[in-house]
Amino acid sequence: MIKVQANCSSRMTEEEMQSVRGMGIEYLAVNFLPDAVDYDSVMRFQEKAAAYDLKIADAGCPALQKCPQIHLGKPDRDEWIGKYNDFTRVLGKAGIKVNYIAWQPNGIFRSRIGVGEHTRGENAMICDMDELYARPIANDRVYGEQEIWDNFKYFLDRALPVCEEADVRLALHPNDPPVESVCGVHSLIWNTECYRKAFELAGNSPYLGMKMCVGCWLENQAFGDLMEDIKTFTEEKKIFVVHFRNVSGTIPYFEETLLEDGYADMHGILEQLVRCGYDGQINIDHPFFNRDGKGMSRMSEAYFMGYMKGMLASVERQIKKENGGTDK
Ligand SMILES: [Mn+2]
């Protein structure tokens, strides 16, 4: 069975935990902020969540998983890789089996958060590649393909052995938007072949897999054949988490939309995940933003969750029936 998780940060309140529990969700994907990455803080959060029947399925620290010092190979990268590894050890000790990594030194690139043509008056992330390509470079200089891969290999050589020892797997998110290069930074993962290359660099270790961000596959159809990739990577046990998100179209321009409003058939995608036997975690990735553009809207989040959970229950019931299973 696919497991639905809610996104949260280490600042999540008990009231918010109850709201998530009240949506019938049992798992959390936690962003531990830099002040909460030590063992005691992680355990405190875990105990608080357990009181609301919530388990931490996987976790990351934004400053460590999207880390310019590591991704761009800055002089102090060893210090940051050390911090990354310390966090992996903390997660392992706490029994949390997945840590995040996203090779995006500047985070997600979007043109704006605002009302679009397809957002029903709500604030959403909007991406216009013409605007992004016209921007100045985002860092001190241009970073090319080879050095980005060299930096990734440098990180893997130091992080993977710690993951193996701590029994914590790395879930690698694609670059978003998934294009070859933007604002002077070459992307690491912008198509399925890049994932293949990354897995090979890791010696096909079971400790490196993907955060399969469906949104990224949809944003650029050149990413790969989503349905085929779901099948292949489920078989290979490479999908640790699924980000379930729809968009209005493909690059050069897209808006993030309601699950039912984007161009993709989200029901069909869920059906493929279930038919292929995916039994990991799934979450809605990005709902709409609050009216002031700051932070994601809790009301929208609840709606996205309910819509996804309803579809998932329906798909699972249908497939169970086809397989001759009994239905309550
Ligand atoms: Mn994502």
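In this predicted model, a convenient place to begin is the meeting of two helices, where Glu145, Trp149, Phe152, Lys153 and Leu156 in α7 meet Cys194, Lys197, Ala198 and Leu201 in α8. Sorted by class, the residues of this contact comprise six nonpolar and three charged ones, with no polar residue among them. Helix α7 spans residues 145-166 and helix α8 spans residues 192-201, and their axes come within 10 Å of each other while crossing at roughly 40°. Angles under 35 degrees count as roughly parallel and those from 65 to 115 as roughly perpendicular, and α7 and α8 are therefore oblique to each other. The crossing in which α7 passes α8 is right-handed.

From α7 the chain can be followed into the loop between α7 and β7, where Asp167 lies. The phi angle of Asp167 is near 55°, which is a positive value in a residue other than glycine. With a relative accessible area of 34%, Asp167 is partly exposed. A second aspartate can be described in similar terms: Asp53, placed in the loop between α2 (39-50) and β3 (55-60), has a phi near 60°, again positive in a residue that is not glycine. Because its relative accessibility is 47%, Asp53 counts as partly exposed.

Strand β7 leads to the metal site. Which residues coordinate the manganese ion? The ligands are His173 through NE2, Cys213 through SG, His243 through ND1 and Asp285 through OD, at 2.2 to 2.5 Å. Along the chain, these donors of the manganese ion follow the spacing H-x39-C-x29-H-x41-D. His173 lies in strand β7 (residues 169-173) and His243 in strand β11 (residues 239-243), so this pair of histidines ties together parts of the chain that are 70 residues apart in sequence. Both of these residues, His173 and His243, are buried.

Beyond β7 comes a loop that runs to β8 (181-182), and Pro177 lies in this loop. The peptide bond from Asp176 to Pro177 is cis, with an omega near 0°. Another cis peptide bond joins Ile251 and Pro252, here with an omega of about 25°, and Pro252 is placed in the loop between β12 (246-247) and β13 (253-257).

What does Met129 contact, leaving aside its neighbours within four places in sequence? Its partners are Pro177, Val179, Val182, Ile251 and Pro252, and the two prolines just described, Pro177 and Pro252, are thus both among the contacts of Met129. Met129 itself has its place in helix α6 (residues 129-133), and because its relative accessibility is 2%, against a limit of 20% for burial, Met129 counts as buried. As a wider reference in space, the C-alpha atoms of Met129 and Ile269, which are 140 residues apart along the chain, are separated by 26 Å.

Ile269 in turn belongs to helix α11, and it takes part in the contact of that helix with α10, in which Leu226, Met227, Ile230 and Lys231 of α10 meet Gly268, Ile269, Gln272 and Leu273 of α11. The residues of this contact divide into five nonpolar, two polar and one charged. Helix α10 covers residues 226-235, and its axis comes within 9 Å of that of α11, the two crossing at roughly 20°. This angle falls under 35 degrees, and α10 and α11 are therefore roughly parallel to each other. Their crossing is right-handed.

Helix α11 (residues 266-275) also packs against helix α12 (residues 298-322), at an angle of about 50° and with the axes 10 Å apart. That angle makes α11 oblique to α12. This crossing, too, is right-handed. On the α11 side the contact is made by Met266, His267, Leu270, Glu271, Val274 and Arg275, and on the α12 side by Met308, Met311, Leu312, Ser314, Val315, Glu316, Ile319 and Glu322. By class, the contact of α11 with α12 has eight nonpolar, two polar and four charged residues.

Note on methods. Residues are numbered from 1 along each chain as its sequence is written. This is a predicted model: local features need pLDDT of at least 70, side-chain atom pairs count only at pLDDT 80 or more; totals for chains, interfaces and linings use all residues. Side-chain values use heavy atoms; hydrogens and water are left out. Donors are N, O and S atoms within 2.8 Å of the metal (3.2 Å for Na, K and Ca); water is not among the atoms, so sites may look incomplete. Helices (H or I, at least four residues) and strands (E, at least two) are DSSP runs, numbered from the N terminus. Buried means under 20% relative accessible area, exposed over 50%, partly exposed in between (1.4 Å probe, protein chains only). Axes are lines fitted to C-alpha atoms, for helices over the stretch in contact, and angles run from 0 to 180 degrees between N-to-C directions. Angles under 35 degrees count as roughly parallel, over 145 as roughly antiparallel, 65 to 115 as roughly perpendicular and the rest as oblique. A crossing is left-handed if the near helix is turned anticlockwise from the far one by less than a right angle, and right-handed if clockwise. Contact means heavy atoms within 4.5 Å. Ala, Val, Leu, Ile, Met, Phe, Trp, Tyr, Cys and Pro count as nonpolar, Asp, Glu, Lys and Arg as charged, and the others, Gly among them, as polar.
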